[in-house]
Amino acid sequence: MDVLVNPTESSLLRFTTAGSVDDGKSTLIGRLLYDSKSIFEDQLLAVEESSKRRGDAHVNLALLTDGLRAEREQGITIDVAYRYFATPKRKFIIADTPGHIQYTRNMVTGASTADLAIILIDARLGVIEQTMRHTYLASLLRIGHVVLAVNKMDLVNFDQAVYDRIVSEYMAFTAGLEYVPQIRPIPISALNGDNVVDHSTQTPWYEGPSLLEYLETVQVKPESVTGAARFPVQWVIRPISDQTDAKLGNLHDYRGFAGRVAGGTFRPGDEVVVHPSAMKSRIVGIHTFSGEEKEAISQLSYSMTLADEIDTSRGGMIVKAEEPIQSAHEFDAMICWFADKKTLKPRGKFHLRHTTNDVRAVVTEVLYKVNISTLEKSQDVLEFGLNDIGCIRIRTSAPIFFDAYSENRITGSFVLVDEQTNNTVAAGMILKPIADAFEEDAEVSI
Amino acid sequence: MSAMTHLQFLESEAIYILRETAAQFQKPALLFSGGKDSIVMAWLARKAFYPSKLPFPLLHVDTGHNFPEAMTYRDWFVNEIGAKLTVGSVQKSIDDGKVQEEKGHNASRNKLQTVTLLDTIEENQYDACLGGGRRDEEKARAKERFFSHRDEFGQWDPKNQRPELWNIFNGRKHFGEHFRVFPLSNWTEMDIWQYIRQENIPLPSLYFSHQRKIIERHGQLLDASTGIIPLLDEEIPKVKEMTIRFRTVGDATCTGAVESTASTIDDIVAEVAAARQTERGTRADDKRSETAMEDRKKEGYF
Ligand SMILES: Nc1nc2c(ncn2[C@@H]2O[C@H](COP(=O)(O)OP(=O)(O)OP(=O)(O)O)[C@@H](O)[C@H]2O)c(=O)[nH]1
Ligand SMILES: [Mg+2]
């Protein structure tokens, strides 16, 4: 049972939950799905039966997303669960993430593709360190919209004073962030459904929208749509055939650069610069299986042909000539460290994955670590342990083609991969190439 | 500026994943069951590499318990998109003594498929298998990454998955390990049907309403016309002619039918929109225990 949205008009909102362990994230998602009638009978029956078997006092809606055996046994979320639902107004992709600090990497996984984060707070506990950590991460990841869901209002008698105090405390914390998202506070009870889908009679003092109303109407604009035109080359299509294609003609000389637009718009005739050679050329054709396209827009996949025989392949980058991209092999980046058995130190070597590129990288310097509660930058310990966040300088074996993460989430992000285990051990957000990184250095208080 | 629809977004994301798979692995294969999800996935693969042919074969893990319509369709489709087909046979795994056929009248070869799948992967040295699994299908699937790592025994470790950030996919692995890749992770059943309608993709006739001899067993409507499912003596008089269709098409022994008069894609879209049961509600294999899917996936199931 999926709402029949018009496939040619519906917009998509991707959001994530965040907040400390047991703040009610999974319960809230369960409640949202339940009250918006997005749960199937057999799913509900299964959850009712498990709740009964476990001796829960009420139907445990968190079991709708906590699907792994270990999660159900412990009553916590360990890894992200993705859920889907639609209302007549919008389609939603939800990432329900774990609150436990040990699983921060899974929270970041869910948050990295979200347009909006619902940050939950247990009204009895107020703003705690994990609230700050997740808020900081959401801001670092440049999630533009935050719903501050003050949850478990039923346990504080729906007291407006408690709510107001938490909201102002939260606002005071976020004011210190480098990037402050748009914040919408809502008092809720995920357990009972107050202000989740319907307005609650328990909070006459709250005049804003219910959570669902807000999610249905909030305007999010992916910044990459309006930004500079970027096309990372993913794969080169060479049919090696003398056949004639109905749409493309003889295929003998066809050489299409396949990829997904990572920002802006391209049109046939556009002057482009093609990396790594930085040679100029012109777009001849933009193709999909349906035929020739008039433009290539952000987030969609195409294959492009160029006017000149230019040497580029996977890892290359096509940009508009009037919108140049940074090309450098040394840069500063914020990183979030995910490995529990290893630390990150100067001289550490990794595989670095950036767009479709894969290069070797060495950490030349650890510039600072961030104290999550105070937002202070510290240089006391220049080593990153599990879940540490901070700034490092990296040199790569070959130049990469990037924008600052604040300009473009796709061309500004990378991951570090451990050379022994092949695990993804860090998420990185590029600040700037090394040439002007020294200024930033000077600002750091030691 | 043109706006993007959610189907365009999903299509583009899937094409991106398919191209990543071709680029990051030496020898991928696309798991093709003849069901609607694998049909959509193969359709997208054709788009992703057009005007080239698919840079990987389709792999059918054949339980030997197929609806004849599904086999006819498979051969037609493979030819239509110009792909190569590899078949891994569960019957052969049984004949070679690698697996034991389940006993009793509820016996299913669904679980045995895992062994055949892992053997076929090893024999052909496939290092990535593209699967049509969707996260909305089942609660364990809802937890899976696009690029899902498998150790050298083919096992999934759900408590220890690699972080997967933005649209950067890490397919690095040690020798002997492989990946399962799920390009349709973010699609819902409704998205699949709306896409099939938009693209006019032909489907096996099993998906549309038809008359069939059916036996009802444990609340499930099972096929009684092909003889694939052995009937108990007392069941024989209970076989009924019914108007049904299948919501999923897999191994015939565990695929339940639903009563339906939906004979066109439009009818099906309307029916899916009104359905009160998940599509896997008709699958016997998921009903064996609360974490049946997770348990099977840990062992290397699709
Ligand atoms: N009284 C009350 N209890 C709630 C509310 N929301 C959640 N709970 C309870 O709080 C407990 C934790 O809820 P979960 O939804 O599992 O919390 P979570 O934030 O998903 O936890 P993790 O995913 O492990 O970080 C459960 O026992 C819920 O029933 C609420 O609004 N009121
Ligand atoms: Mg949870």
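The exercises below, each with a worked solution, concern a predicted model.

**Exercise 1. The magnesium ion**

Find which residues coordinate the magnesium ion (ligand 2), and state which parts of chain A they tie together.

Solution. Start with the donors: A:Ser26 contributes OG and A:Thr77 contributes OG1, at 2.0 Å from the magnesium ion. Next, place them in the chain. A:Ser26 belongs to helix 1 (residues 25–35) of chain A, while A:Thr77 sits in the loop between helix 3 (69–74) and strand 2 (81–86) of chain A, so the pair links parts that are 51 residues apart in sequence. Last, check accessibility: both A:Ser26 and A:Thr77 are buried.

**Exercise 2. Strand 3 of chain A**

Determine how many residues of strand 3 (residues 90–96) of chain A are buried, and which strands it pairs with.

Solution. Count first: seven of the seven residues are buried, so strand 3 of chain A is largely enclosed by the rest of the structure. Then separate the two faces. One side holds A:Arg90, A:Phe92, A:Ile94 and A:Asp96, the other A:Lys91, A:Ile93 and A:Ala95, and all of these are buried.

Now take the partners in turn. Strand 1 (residues 11–19) of chain A runs parallel to strand 3 of chain A and is joined to it by six bridges; A:Thr16 has A:Ala95 as its bridge partner. Strand 2 of chain A is also joined to strand 3 of chain A by six bridges, but in the antiparallel sense. Here A:Ala81 stands opposite A:Asp96. Strands 2 and 3 of chain A form a hairpin with three residues between them.

**Exercise 3. Strand 21 of chain A**

Describe the burial of strand 21 (residues 357–370) of chain A and its pairing with strands 20, 22 and 23 of chain A.

Solution. Begin with burial: 10 of the 14 residues are buried, so strand 21 of chain A is largely enclosed by the rest of the structure.

Strand 20 (residues 349–354) of chain A runs antiparallel to strand 21 of chain A, with six bridges. One of the pairs is A:Arg353 with A:Asp358. The two strands form a hairpin with two residues between them, and A:Thr355 in the turn has a positive phi of about 40 degrees.

Strand 22 (residues 377–378) of chain A pairs with strand 21 of chain A over two bridges, again antiparallel. This hairpin has six residues between its strands, and A:Leu375 in the turn has a positive phi of about 60 degrees.

Strand 23 (residues 389–402) of chain A pairs antiparallel with strand 21 of chain A over seven bridges. A:Lys369 stands opposite A:Ser378 in strand 22 of chain A and opposite A:Gly390 in strand 23 of chain A.

**Exercise 4. Two helices of chain B**

Work out how helix 1 (residues 6–24) and helix 6 (residues 189–199) of chain B pack.

Solution. The angle is about 95 degrees and the axes are 11 Å apart. That makes helix 1 of chain B roughly perpendicular to helix 6 of chain B. By class, their contact has three nonpolar, three polar and three charged residues. Helix 1 of chain B supplies B:His6, B:Leu7, B:Leu10 and B:Glu11, which meet B:Asp191, B:Gln194, B:Tyr195, B:Gln198 and B:Glu199 of helix 6 of chain B.

**Exercise 5. The sheet of chain B**

Identify the strand order of the open sheet of six strands in chain B, and its edges.

Solution. The order is 3-2-1-4-6-5, with mixed pairing. Strand 3 (85–89) and strand 5 (147–150) of chain B are the edges, each with a single partner strand, so one side of each lacks a neighbour in the sheet. The twist averages 30 degrees from one strand to the next.

Technical notes:
Residues are numbered from 1 along each chain as its sequence is written. Chains are lettered from A and ligands numbered from 1 in the order in which they are written. This is a predicted model: local features need pLDDT of at least 70, side-chain atom pairs count only at pLDDT 80 or more; totals for chains, interfaces and linings use all residues. Side-chain values use heavy atoms; hydrogens and water are left out. Donors are N, O and S atoms within 2.8 Å of the metal (3.2 Å for Na, K and Ca); water is not among the atoms, so sites may look incomplete. Helices (H or I, at least four residues) and strands (E, at least two) are DSSP runs, numbered from the N terminus. Buried means under 20% relative accessible area, exposed over 50%, partly exposed in between (1.4 Å probe, protein chains only). Axes are lines fitted to C-alpha atoms, for helices over the stretch in contact, and angles run from 0 to 180 degrees between N-to-C directions. Angles under 35 degrees count as roughly parallel, over 145 as roughly antiparallel, 65 to 115 as roughly perpendicular and the rest as oblique. Contact means heavy atoms within 4.5 Å. Ala, Val, Leu, Ile, Met, Phe, Trp, Tyr, Cys and Pro count as nonpolar, Asp, Glu, Lys and Arg as charged, and the others, Gly among them, as polar. Two strands pair if DSSP finds at least two bridges between them.
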